[in-house]
Amino acid sequence: HINGDLVTIHGVRNFEYRSDTDFTPRWETRTYDLRKLDSANIIAVYWAGKAIAHIMVSFGFEGKDYLAVSIETRKEKGESYSTLAGFFRQYELYYVVADERDVIGVRTTYRQPQEDVYVYGVNGNLESVRRFFLDYLKSINDLHQNPTYYNTLTTNCTTSILMHARINPESPPMSWKILLSGYVPEYLYDLGRLETAKTFPELEKLSHVNARARAADKDPAFSERIRQG
């Protein structure tokens with residue numbers, strides 16, 4: 001619900017994990033002030049080599065409060081994921097709106113095998129970040145009214161982000177590095193959308209948050225701690 005500069009989101013996921021299958025569910029209602037929205041972040045998750053990653057976006061409010069959005073399939077109980085089946089209207093499209101401690105922590109600490117998570121701050125003016133965020137909210141509300149399907153190629157975690165970015169005139173052009181999603185951070189770096197004072201390998205090393213995420217674990221300051229350094 002949007003009321004002026006205040007956005008209220010229902011169903012924000014903030015689970016307490018003991019493992020990736022043993023957890024205490026927590027669905028929260030949170031309100032965010034658009035006047036405090038000051039950053040967008042790309043989160044890249046790797047589990048099977050360099051070429052493929054799960055890409056998420058996180059929005060920061062005054063450098064303390066972060067809201068992550070992960071575009072996924074919504075699997076039914078007992079249903080496993082198949083890349084091939086994802087081409088054929090098998091899985092519903094789902095936007096997981098969550099606390100960073102949930103969507104990052106479950107991957108760095110509780111999922112076995114653990115996955116490698118990188119967090120990159122994106123360069124962009126605040127008006128563009130605001131339009132980007134509001135476009136996400138529009139799609140979430142549209143999806144609530146009109147469910148649709150995930151597609152492995154055309155409507156996945158990465159191509160959907162690009163579609164949201166197109167609300168801004170400076171959105172990145174399509175590239176094979178978007179389809180091979182593991183190269184998205186390097187692609188954004190080449191476009192000057194990430195910090196370029198360091199080489200990409202240096203930035204990549206600094207952006208790897210696994211050790212900091214495990215140390216922060218259930219700390220309410222999780223998002224601040226994973227960004228230290």
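**Figure 1. Strand E7, a buried strand.** A residue counts as buried when its relative accessible area is under 20%, as exposed when over 50%, and as partly exposed in between (1.4 Å probe, protein chains only). This is a predicted model, where local features need pLDDT of at least 70, side-chain atom pairs count only at pLDDT 80 or more, and totals for chains, interfaces and linings use all residues. Residue numbers start from 1 along each chain as its sequence is written, and side-chain values use heavy atoms, with hydrogens and water left out. Take a look at E7, which covers residues 54-61: eight of its eight residues are buried. His54, Met56, Ser58 and Gly60 point one way from E7. Ile55, Val57, Phe59 and Phe61 point the other way, and both sets of side chains belong to buried residues. Helices (H or I, at least four residues) and strands (E, at least two) are DSSP runs, numbered from the N terminus.

**Figure 2. E7 and its neighbours E6 and E8.** Strands pair here if DSSP finds at least two bridges between them. Strand E6, residues 37-46, runs antiparallel to E7, and eight bridges join E6 to E7. To find your way along E6, start at Leu37, whose bridge partner in E7 is Phe61. Strand E8, residues 65-74, also pairs with E7 in the antiparallel sense, over five bridges. Phe61 turns up again here, standing opposite Asp65 in E8. The hairpin of E7 and E8 has three residues between the strands. In that hairpin, Glu62 takes a positive phi near 55°.

**Figure 3. Strand E2 with E1 and E5.** The view begins with E1, residues 2-3, and E2, residues 6-13, which run antiparallel and are joined by two bridges. Asn3 makes a handy landmark, as the residue opposite Leu6 in E2. Two residues lie between the strands of this hairpin, where Gly4 takes a positive phi near 65°. E2 is also joined to strand E5, residues 27-33, by six bridges. E2 and E5 run antiparallel, and within this pair Val12 stands opposite Glu28 in E5.

**Figure 4. Helix H3 from end to end.** H3 spans residues 126-145, 20 residues in total. From its first C-alpha to its last, H3 reaches 29 Å, close to the 28 Å expected at 1.5 Å a residue; the expected span is 1.5 Å times one less than the number of residues. The buried residues of H3 are Ser128, Val129, Phe132, Phe133, Asp135, Tyr136, Leu137 and Leu143. As you follow the side chains, keep in mind that an α-helix has 3.6 residues a turn, so residues three or four places apart point the same way.

**Figure 5. Leu126 and its distance to Lys36.** This close-up stays with helix H3, where Leu126 has its place. Leu126 is partly exposed, as its relative accessible area is 47%. Please also find Lys36, which is 90 residues from Leu126 in sequence. In space, Leu126 and Lys36 are 9.9 Å apart, C-alpha to C-alpha.

**Figure 6. Pro113 in a loop.** Pro113 sits in the loop between H2 and strand E10, the latter being residues 116-121. Its relative accessibility is 67%, so Pro113 counts as exposed. A second residue to pick out is Trp47, 66 residues from Pro113 along the chain. The C-alpha atoms of Pro113 and Trp47 are separated by 8.2 Å.
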